[in-house]
Amino acid sequence: MSDNQDTSEAEEEDATPSGSATLPLRPPSDRLPCNKSSVCSRSYFVVVMVFFHVYIINVIALLFYVHYNSGQEDANPSRDAPSSNHQQQHPESRRPPSKPEFLRDVSLTRIEGIRVGHVQKVSLVPSKVHEMRTLSLKPLLFEIPGFLSEDECRVVTQLAQLKGLMESQLMVQDGQDELAKELNLGPEEIFNLLDINQDGQLQLHEILTHYRVRDGIWLTPENLREIYAGLKADEDGNGKKSTFFFKKHYLWVKRSQLVRNSRHTWLYQGKGAHQVLQDIKARVTRLTRLPPALVDLSEPLQVVRYEEGGHYHAHHDSGPVYPETACTHTRLASNTSTPFETYITVLFYLNSLADNRTYDEVVRSCVNCDKSNLKVKPTKGTAVFWYNYLSDGKGWVGEQDEYALHGGCVVTHGTKWVANKWINIDPDYQRQARYQKLVSQQPEDEDDEGLTLNPDLQSSDVHQEL
Ligand SMILES: O=C(O)CCC(=O)C(=O)O
Ligand SMILES: [Fe+2]
């Protein structure tokens, strides 16, 4: 009780306007300001202004609310995707999503590497359990022995031979005459174009730039000095040459100076393809745990043959195409309107190399194999696969993994056969989703796990060289 009394006293005290004790008290008549018109209108103005401001603030808040809500709906492309229709019926789908709405339906599984040497069992075919060993975490790289059977390796190489293999990279002189005709430029004009600093001379670096830009030829300044020395062209040793010598030393380029010295072909893996090829594609889908549609939309199997002296210098299978690291397949993709990159590379060894002198470096190599951090010896049937991109942490691709630099060492004895399955995606999810939607409007194959493409669409839109 006493507490209540205290409280009511306190309330009474509190009810006294604070600070009023310091103001002189006036008689009640003085406190009626209406007889003073200026005071009355000022109070009236203040009250009106307060109401006006509250009203304006409310309107602005309402506008923000409406804008924010409609903006969320616009930015949500999955709402017009068929699979998200049922979500619209649930009120909880209006809650803020834990990850961007557009990544709800599709996300890229990334297999955990755990640690180098870690072995996980994977079930890829009914009769067998495969072992998948982590070879590296940076980049994320795995090896699966016996991924292909002996028979499958044989069928793939035979199918490639039946189809016919083409040079992976043309020698410069192979196309030189046609280029000269096509360019319709005289030697003077070519000289001027190559003379980057316009000093009337061609320096070593200008020639080198041209080589890399036009031909993808792997020439170091040392190579060029050797060429000059061989031609006795640079007698004063200042590295300045005439067009005559520049034209002439083209002929000195050897196959070993190409980025890639091999022959290859593409084997279509969709509906109607040889059963072995379809099986390999299905197994790759299981292995990578990616949405089947992504694997279906990817390039066909590329089969590559290296003869003695064959090699593939260090390169990335994806990312911006620098002339010296250009791959046939990234060119293939970049020729098209669909900007696909290679998310995963699955490399199959279709034969074993006879001895230890002839092995492959797979990752983090430089032009020469001695500088590589990791080498994998080709063993028939073994598959290695790695991620060319890091994750964005939200279920799609992030940055390109610089550590995915790799190459194939020079084959010193015999012939080496490999096949590449490049799994392509568009780093821009929304474009990929639009593309997938477009392609999924093609007739579907009922037997298939996922989406099946109309071969005509596939070859004309994505895989031009098939
Ligand atoms: O032949 C190899 O070992 C590597 C091949 C490769 O990296 C490629 O074809 O992109
Ligand atoms: Fe490669």
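How many bridges join strand 9 (residues 341-349) to strand 12, and do the two run parallel or antiparallel? In this predicted model, five bridges join strand 9 to strand 12, and the two strands run antiparallel. The points below take up strand 12 and its partners, then helix 14, then the loop that holds G414, and lastly the confidence of the prediction.

**Strand 12 and its partners**
- Strand 12, which covers residues 383-387, is mostly covered, with five of its five residues buried.
- On one side of strand 12 the buried residues are A383, F385 and Y387, and on the other they are V384 and W386, so that both faces are covered.
- In a regular strand the side chains alternate between the two faces of the sheet.
- Strand 3 (residues 140-144) is also joined to strand 12, by four bridges and in an antiparallel arrangement.
- Within these pairings, F142 has F385 of strand 12 as its bridge partner, while I344 stands opposite Y387 in strand 12.

**Helix 14**
- Helix 14 comprises the twelve residues 429-440, which at 1.5 Å a residue should span 16 Å, and this agrees with the 16 Å that separates its end C-alpha atoms.
- The buried residues of helix 14 are Y429, Q432, Y435, Q436 and V439.
- These buried residues lie on the same side of helix 14, because they cover an arc of only 125° around the axis.
- An α-helix has 3.6 residues a turn, so residues three or four places apart point the same way.
- Q430 and L438 are exposed, and they are carried on the face of helix 14 that is turned away from its buried side.

**The loop holding G414**
- G414 is found in the loop that lies between strand 15 (406-408) and strand 16 (416-425).
- G414 counts as partly exposed because it has 14 C-beta neighbours inside 10 Å, a number that falls between the 12 or fewer of an exposed residue and the 20 or more of a buried one.
- Although G414 and L353 are 61 residues apart in sequence, their C-alpha atoms are 7.5 Å apart in space.

**Confidence of the prediction**
- The chain averages a pLDDT of 72, and 57% of the residues score at least 70.
- Confidence in the chain is highest in strand 3, at 98, and lowest in helix 4 (residues 85-89), at a mean of 32.
- Over residues 1-34 pLDDT stays under 50, and the model has five contacts beyond four places in sequence for them.
- Over residues 445-466 pLDDT likewise stays under 50, but here the model has 47 contacts beyond four places in sequence.
- The model scores ipTM 0.99 and pTM 0.63.

Methods: Residues numbered from 1 in each chain as written. Chains lettered and ligands numbered in written order. Predicted model: local features only at pLDDT ≥ 70, side-chain atom pairs only at ≥ 80, totals over all residues. Pairing = 2+ DSSP bridges. pLDDT = per-residue confidence, 0-100. Contact = placed C-beta atoms within 7 Å. Expected span 1.5 Å × (residues − 1). Arc of directions from axis to C-beta.
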